[in-house]
Amino acid sequence: MIFRKLAQDSVIYGGADLVTKVLSFFSFPIIAAVLSPKEFGVLELIFTATALLGLVINCGLNSAVQRFYWDDNSSVKPNSKPIIVTSGLMAQIFFSGITIVAGFFVISLLVPLIDSRVWPISWIALVAAILVMVLSQWSQYILDVIRLHLKPWRFLTLALISRVLVVIAGVIAVLGFDLGIDGLLAAQASVLLLILPLALWMIRCDFQPTYFSWEWCIKLIRFGYPFIFAGIAYWLLSSMDRWMLASIATVEEVGIYSVAFRFASVVMFVSIAFGQAWSPVAMKVRIDNPENYRSIYGDVLLILLFIMLIVGGGIALFSGEIISLVMPDEYLSSALPLAILCFGVILQSTLQVTAIGISIEKKTYLFARLSWVVAGVNFIGNWLLIPSYGAVGAAWATVISYIVLTASYLYCTQKIHPLILQWRNIAILCCLGVLVAIFSVVFVSSRFDLGLFLVKLAFAILCLFSGWRLLPLGSFKGV
């Protein structure tokens, strides 16, 4: 049963992220006790800069390999899988080489200009940061290939080994040897380099350098390069609200919004776990079920929306109670932005299905175009709403942006590769979601009130049973 498989794999993939996030959370105060605020600021700037370089190195190759790996076109035969994987990784290595050479050239120019009193780093940190970024891209590519093998436990093993050891190595370098940022980044780069042979061994059936194909390399790059521009747009979309809050409103509003966003990331965690399970399965479903895969995609969208409404709607309904129980009183105003942001994340999760037609038809340039349009919508929304509503306005701008984005993706999908959707059930489920959103915003509470809590709980249970009746669970039998 496909839904059971997706649920099981989502738990496994999500487990890897959960362990990593918990470990990172508890290691943060340890590192913070050693590094100064200035060092943290420099480290954050380094990670931000290398994240953008990572988009260029990746070049959408991970998505391209996932698109073609299970393709049933005559040009893709069973023995083409090693050619696809090998060509994609070799292309990424080529882009990495260019980045490393360019990075070292820039470093040679920057090192004489670095003032140790302002920048508490040396050339070691800059070199190590580039290596960490490159090796992380390779590691993620290999993990995505393992997901294509439908081996979630192997994915979990490699993900935990690499991510846990990277965190531990950084803590030891900073705390045990007092090596600062230089040591932290150098230790992380060393761990990723040592683990690389094990990672390559895990995909040895698909990675064989003699199978490299220029034809496939060009094909994968053509499919993937628009993801560079889409990634930059998403980066702007995710960071623009904070910058505009700081410039238009106050830094305090940034703090209120950031706390709300941290709690909303719980909903994002569920979305990411599902996406890691869904992306390698989606194309295989199309190959294995050529007659009804379009209706399967539509049913998955309905079930995904229902599950995300349970998680996100639940946190939104009780946002006030959660904030009041966990955070100090000065953060109570984060409750309303949290309730709103939850629905932004719910909408964001649906992109994994609403965009699938664009991917199947290889029209990835639409991702870049639509992402930049939505980045503009987000800018306008923040510009109009933040002056009057602060963090709440930024949260509404995020929701509006994702409404436009998922609607645009679905429109394009239905135009070029239509899915069979149960529009009536989707519309009813969306109406339930709107009711939950209204209830969450109107009855947000800054204090725990037992009577209001029970009313919300009864409302949540009513919506849960109403939505459950809409689900097409029987259609997955035999898939």
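**Figure 1. The loop residue C59 in the predicted model.** In this predicted model, C59 counts as buried because its relative accessibility is 4%, which is under the 20% limit. The residue is found in the loop between helix α2, residues 37-58, and helix α3, residues 61-69. The backbone of C59 has a phi angle near 50°, which is a positive value in a residue other than glycine.

**Figure 2. The loop residue K362.** K362 lies in the loop that runs between α15, residues 356-360, and α16, residues 365-389. Phi of K362 is near 60°, a positive value that again occurs in a residue other than glycine. With a relative accessibility of 35%, K362 counts as partly exposed, because that value falls between the limits of 20% and 50%.

**Figure 3. The whole protein chain and its confidence.** The secondary structure of the protein chain comes to 19 helices and zero strands, and of its 479 residues 51% count as buried. The accessible surface of the chain comes to about 22,100 Å², with 72% of that area belonging to carbon and sulfur atoms. Among the contacts between residues at least 6 apart in sequence, 83% join residues that are at least 24 apart. The pLDDT of the chain averages 81, and 85% of the residues score at least 70. Among the elements of the chain, helix α1, residues 2-32, has the lowest mean pLDDT, at 65, whereas helix α17, residues 391-416, has the highest, at 93. Where pLDDT is low, the predicted coordinates should not be read in detail.

**Figure 4. Y409 and the residues in contact with it.** Y409 is found in helix α17, and it is buried, with a relative accessible area of 2%. Leaving aside neighbours within four places in sequence, Y409 is in contact with Y234, L351, T354, A355, I358, F367, L370 and S371. For one of these partners, F367, the separation from Y409 along the chain is 42 residues, while the C-alpha atoms of the two residues are separated by 8.1 Å.

**Figure 5. The nonpolar cores.** The largest nonpolar core has 115 residues, and those with the most contacts inside it are L158, L220, W278, Y297, L338 and L429. Helix α11, residues 293-317, gives the largest share of this core, namely 15 residues. A second core, separate from the largest one, has 13 residues and includes L366, F367, V374 and C412. Returning to L429 of the largest core, and not counting residues up to four places away in sequence, L429 touches L302, L305, F306, L309, G467 and L470.

**Figure 6. The salt bridge between R147 and D144.** A search of the whole structure finds two salt bridges, and in one of them R147 pairs with D144, the closest N and O atoms being 2.7 Å apart. Both residues belong to helix α5, residues 123-148, and because they are three residues apart there, they are separated by about one helical turn. R147 is buried, with a relative accessible area of 5%, and D144 is likewise buried, with a relative accessible area of 7%.

**Figure 7. The salt bridge between K456 and E321.** Side chains of opposite charge can pair when their charged atoms come close. K456 forms a salt bridge with E321, in which the closest N and O atoms are 3.3 Å apart. K456 lies in helix α19 and E321 in helix α12, so the pair ties together parts that are 135 residues apart in sequence. K456 counts as buried at 0% relative accessibility, and E321 counts as buried at 3%.

**Figure 8. The nonpolar patch on the surface.** I310, L325, V326, F448, L450, L454, L457, I461, L464 and F465 form a nonpolar patch on the surface, and together they have about 960 Å² of accessible area. The elements that give two or more residues to this patch are α12, residues 319-326, and α19, residues 450-468. Helix α19 provides the largest share of the patch, which is six residues. Within the patch, I461 lies in helix α19, and with a relative accessibility of 40% this residue counts as partly exposed.

Definitions and conventions:
Residues numbered from 1 in each chain as written. Predicted model: local features only at pLDDT ≥ 70, side-chain atom pairs only at ≥ 80, totals over all residues. Heavy atoms only, no water. Patch = residues over 30% accessible without salt bridge, like charges linked within 9 Å, V, L, I, M, F, W, Y side chains within 5 Å. Areas by Shrake-Rupley, 256 points an atom, 1.4 Å probe, with all protein chains shown as cover. Salt bridge = Lys/Arg side-chain N within 4 Å of Asp/Glu carboxyl O. Helix = DSSP H or I, 4+ residues; strand = E, 2+ residues; numbered from the N terminus. Buried < 20%, exposed > 50% of the residue type's maximum accessible area, 1.4 Å probe, protein only. Core = buried A, V, L, I, M, F, W, Y, C linked by side-chain atoms within 4.5 Å. Contact = heavy atoms within 4.5 Å. pLDDT = per-residue confidence, 0-100.
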